[in-house]
Structures are given as structure tokens and as C-alpha cells.
Amino acid sequence: MFHKDARGSATIEMAVLMPMIAVLMILLIYLALYLYDRTVLYGDAYLAALRASELSEERSEEVYAKADAWFTSLKEGQLIALPEVSRELTVDAKGVRILYNGEVVVPIMAGSTIFEQWESFCFSGGAYAARHRPVTFIRRCRVLEELFEQDEETKNSGEAESEQMQ
């Protein structure tokens with residue numbers, strides 16, 4: 001059935017391939033964890049910035065403290081592979097910006113010289129939300145509405161005059 005020399009070749013081939021397959025599977029798992037944590041952080045940063053942007057009547061220091069607390073509480077318990085995330089918040093009259101940095105370390109790759117470039121997955125990102133003043137926004141909408149109505153009235157009166165001339 002088998003040739004005499006081919007009996008142990010499948011075992012030897014699997015002994016070479018199985019570590020490579022195991023390393024590839026570990027890399028894929030950590031890549032999935034990296035993508036999950038990156039997505040969660042972006043969503044949490046945007047939600048915290050959006051909530052903080054709604055505080056238009058409060059001072060920037062208060063908005064900064066609340067945005068920092070929201071971001072910290074939102075990401076708490078959700079991240080799987082990130083032990084620590086650094087963040088930078090900026091609050092001014094125009095908006096709230098949250099920048100974050102993190103690193104997912106793959107433990108099996110830590111001492112390897114061959115896989116040194118895959119030892120960790122670093123990422124950074126951020127979210128921005130403009131600070132809105134609802135009362136000012138509504139007033140501006142009403143002014144625009146009045147301008148559109150005036151424009152419609154002038155168009156209608158212009159069309160009526162042109163029909164009378166014909």
C-alpha cells in the first residue's frame with residue numbers, strides 16, 4: 001500500500017506544519033481581539049464626546065471632567081485584550097475631541113526574532129463632536145425659514161407679473 005520510505009513522512013510533515021498553523025491561529029485570534037477593542041474604543045470615545053458636547057451651558061473644565069468620566073466608565077469591562085489605554089481630551093468652545101492610544105500584545109510572539117513585527121498591534125484613534133447650543137440653532141433655523149419664505153414670495157410675485165405682461 002505505502003512505499004517503505006513514505007511511512008513516517010506524514011508525521012514529519014505534520015510536526016512541521018502544526019506549529020505554523022497554531023501560530024497562525026493565535027495571530028488570527030489576537031487580530032480579532034484587536035479589531036474588537038479598537039471598534040469598542042471608537043464607539044465609546046464618540047459617545048462620550050457626543051454626551052459632553054450637549055453640555056453647552058457648562059464651563060470647559062466641567063465638560064472635560066464629565067467627558068473623561070464617561071469615557072472611562074464606558075470602556076470599563078468591555079475591552080478584552082487591552083490592559084491599558086492612554087487618552088487625551090480637548091474641550092473648547094467649538095467641540096469635544098477624545099484621542100486614544102493602545103497596544104494589544106501577543107504574548108507568544110514576545111521573545112521571537114522571526115515574528116518580532118507581530119509582537120503587538122498598536123493603534124490610535126479619536127472622535128470629535130461639535131458643541132451645539134440648541135437655542136441658537138433653533139433661532140438660526142427660523143431665520144432661514146423666513147428667508148426661504150421671502151424668496152418664495154418674490155418668485156411667486158415675479159411669475160405673476162410675467163404672466164400679466166403676456
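This briefing covers the sheet and the helices packed on it, one buried charge, the salt bridges and the aromatic pairs. The structure is a predicted model. Its three strands form an open sheet in the order S1-S2-S3 with antiparallel pairing, and helices H1 and H2 both pack on that sheet. The structure holds four salt bridges, and a search of the whole structure finds three aromatic pairs.

**Sheet and packed helices**

- The open sheet has the strand order S1-S2-S3 and is antiparallel in its pairing; because strand S1 (85–91) and strand S3 (120–130) each have a single partner strand, they stand at the edges, and one side of each is left without a neighbour in the sheet.
- Neighbouring strands of this sheet are turned against each other by 10° on average, direction ignored.
- Strand S2 (residues 95–105) runs antiparallel to S1 and is joined to it by seven bridges, and among the residues involved is Val-85, whose bridge partner in S2 is Gly-102.
- Helix H1 (residues 9–53) packs on the sheet and touches S1, S2 and S3, its direction making about 20° with that of S3.
- Helix H2 (residues 60–75) also packs on the sheet, where it touches S1 and S2, and its direction makes about 150° with that of S1.

**A buried charge in helix H1**

- Asp-44, which has its place in helix H1, is buried yet has no salt bridge, the nearest side chain of opposite charge being that of Lys-75 at 8.0 Å.
- Because a salt bridge requires a nitrogen of Lys or Arg within 4 Å of a carboxyl oxygen of Asp or Glu, the 8.0 Å between Asp-44 and Lys-75 does not qualify.
- Leaving aside neighbours within four places in sequence, Asp-44 is in contact with Phe-71, Leu-74, Lys-75 and Gln-78.

**Salt bridges**

- Lys-155 forms a salt bridge with Asp-151, their closest N and O atoms being 3.9 Å apart; these two residues are four apart in helix H3 (residues 134–165), and so are separated by about one helical turn.
- Both partners are partly exposed, Lys-155 with a relative accessible area of 46% and Asp-151 with one of 34%.
- Salt bridges that share partners join Arg-59, Glu-61 and Glu-62 into one network, in which the side chain of Arg-59 meets that of Glu-61 (3.6 Å, N to O) and also that of Glu-62 (4.0 Å, N to O).
- Within this network, Arg-59 is exposed, with a relative accessible area of 54%, and Glu-61 is likewise exposed at 54%, whereas Glu-62 is partly exposed at 35%.

**Aromatic pairs**

- Among the three aromatic pairs found in the whole structure is that of Tyr-34 and Phe-123, whose ring centres are 5.5 Å apart and whose planes stand at 70°, so that the pair is edge-to-face.
- This pair links distant parts of the chain, since Tyr-34 lies in helix H1 and Phe-123 in strand S3, 89 residues apart, and both residues are buried.
- The rings of Phe-71 and Tyr-100 have their centres 6.5 Å apart and their planes at 25°, and the pair is therefore stacked.
- Because Phe-71 lies in helix H2 and Tyr-100 in strand S2, the stacked pair ties together parts that are 29 residues apart in sequence; here too, both Phe-71 and Tyr-100 are buried.
- Ring pairs link Tyr-34, Phe-71, Tyr-100 and Phe-123 into a cluster, and one of its members, Phe-71, is also among the contacts of the buried Asp-44.

Definitions and conventions. Residues are numbered from 1 along each chain as its sequence is written. This is a predicted model: local features need pLDDT of at least 70, side-chain atom pairs count only at pLDDT 80 or more; totals for chains, interfaces and linings use all residues. Side-chain values use heavy atoms; hydrogens and water are left out. Two strands pair if DSSP finds at least two bridges between them. Axes are lines fitted to C-alpha atoms, for helices over the stretch in contact, and angles run from 0 to 180 degrees between N-to-C directions. Contact means heavy atoms within 4.5 Å. Buried means under 20% relative accessible area, exposed over 50%, partly exposed in between (1.4 Å probe, protein chains only). Lys and Arg count as positive and Asp and Glu as negative; His and the chain ends are not counted. Rings of Phe, Tyr and Trp (its six-membered ring) pair if their centres lie within 6.5 Å; planes under 30 degrees apart count as stacked, over 60 as edge-to-face and the rest as tilted.
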